[in-house]
Amino acid sequence: MSTATEETALNALRGALGDEWVTEASATDRVGASRPKWVVHADGTERASTALRIAAEHGMSVVPRGGGSKLDRGESPERVDLLLDLSAADEVVEHAAGDLVVRAEAGTPLREVQRTVAEAGQQLSLEDPHPTATLGGVIATRSAGPCRYLHGGVRDLIIGITVVCADGTVASSGGKVVKNVAGYDLGKLFTGSYGTLGVVTEAIFRLHPLAEERRWVAVTLPDPRAAAEAARLFRVSRAMPTAVELDRPAGRAPITVCAELEGRSGVTGERAAELARSLGEELGRTCEVSGTAPEWWGRLPGEPGASAGIRMASRPSELVELLEGAGRVEDETGVALPLRGSAGLGVLDGGVPAGSSDESVAALVEGVRARAAALDGYTTVSWAPESVKRLVDVWGPVPSGALTLMRRTKDQFDPERRLAPGRFVGGL
């Protein structure tokens, strides 16, 4: 039964937004361990601003949602009163093809943005393994993909952003600047913030020309040291790969390292053939050239069916230590961990097979985390059941100086901790 305060808040939301924009939450709207009371649907910045203003006036907590593909990322929020659904804010507002710029609302599916800009021979150089991924979710979770190796990640491609702060204030980079956000680069700040600083409602990205031709050069090697050497040779080659990825099945299975080349028709194939020849001579192995990406390209390891996902990273030059460390943890815990990701950047995703016990997954995370930390790297839990999250810190330790800075930023944007409270690093 709703309290009088909740009834007052609900009436305020329905009065300001309209009954059709406010619905009761169902079991499918759950965010981690929390089930919101209501779902507020917003078709753009203005309606999102109204919802957040009313939420602030009534002390309600809010979690934003786009396609919902990454709603389970991070820690479970401590509480959720409103789920702010931005899937109706799905318009590509402007595509300035001459300037290689696209402006779109946060709920726009990434695939729709790619389809729109491709008509002018352009691409947004972001990839996401989830077919329902939206721009807002990509920004909030800093999701990129293989081509970030050459083109950079989300924060490198954003050139403008509009957000709604916890009190309903609208702020845009390069436009209106409110008192308590002056001096911040909002695009960079909100990338990877998991909805804890404000709600992204619109973004502007720079684009790249769509490649006329793509080729993939792949080599399969017996051990981490040989794979790391292949990744190094790809990195230093003059072929300038768009991406350098690896795929390592669980255990001591051979490792495939693959580079993607993009460019003009006819020329790219020649570059790929030359790269395969020179790399084959260096490694004493046969390198394959293909006109299609490997089946595993751009997909998370272990899916479908993985029970948990982790991400580990170190410097690219320490890839061999990262791979060998993961192998030793597999031996110690008895948990298989297929790995896949950017060998060129030293960032790998692992997928824990279904059926692994919570305790063994937690032990695996701690083991990999310790080895990555020894390399000055990090390990985070990308997703996991609530039962695993109760056993292990999703984010892992953060240097005290960095955490202090993040807390000050949170205090400035959301002093009452009403935006996805507890979801981010250090309980922010």
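In β14, W216 has E260 as its bridge partner. This is a predicted model, where local features need pLDDT of at least 70, side-chain atom pairs count only at pLDDT 80 or more, and totals for chains, interfaces and linings use all residues. Residues are numbered from 1 along each chain as its sequence is written, and side-chain values use heavy atoms, with hydrogens and water left out.

E260 also turns up as the bridge partner of A243. Strands here are DSSP runs (E, at least two residues; helices are H or I, at least four), numbered from the N terminus, and two of them pair if DSSP finds at least two bridges between them. Here's how some of the pairs look:

| Strand pair | Sense | Bridges |
|---|---|---|
| β12 (residues 213–221) and β14 | antiparallel | nine bridges |
| β13 (residues 243–248) and β14 | antiparallel | five bridges |
| β8 (residues 158–164) and β10 (residues 199–206) | antiparallel | six bridges |

Strand β14 (residues 255–263) has eight of its nine residues buried (under 20% relative accessible area, 1.4 Å probe, protein chains only), so β14 is largely enclosed by the rest of the structure. With β13 it makes a hairpin that has six residues in between, and G251 in that turn has a positive phi of about 80°.

Now for the open sheet: five strands with antiparallel pairing, in the order β5-β6-β10-β8-β9. β5 (92–96) and β9 (170–172) sit at the edges with a single partner strand each, so one side of each has no neighbour in the sheet. Within the β8 and β10 pair, G160 stands opposite I204 in β10.

Technical notes:
Buried means under 20% relative accessible area, exposed over 50%, partly exposed in between (1.4 Å probe, protein chains only).
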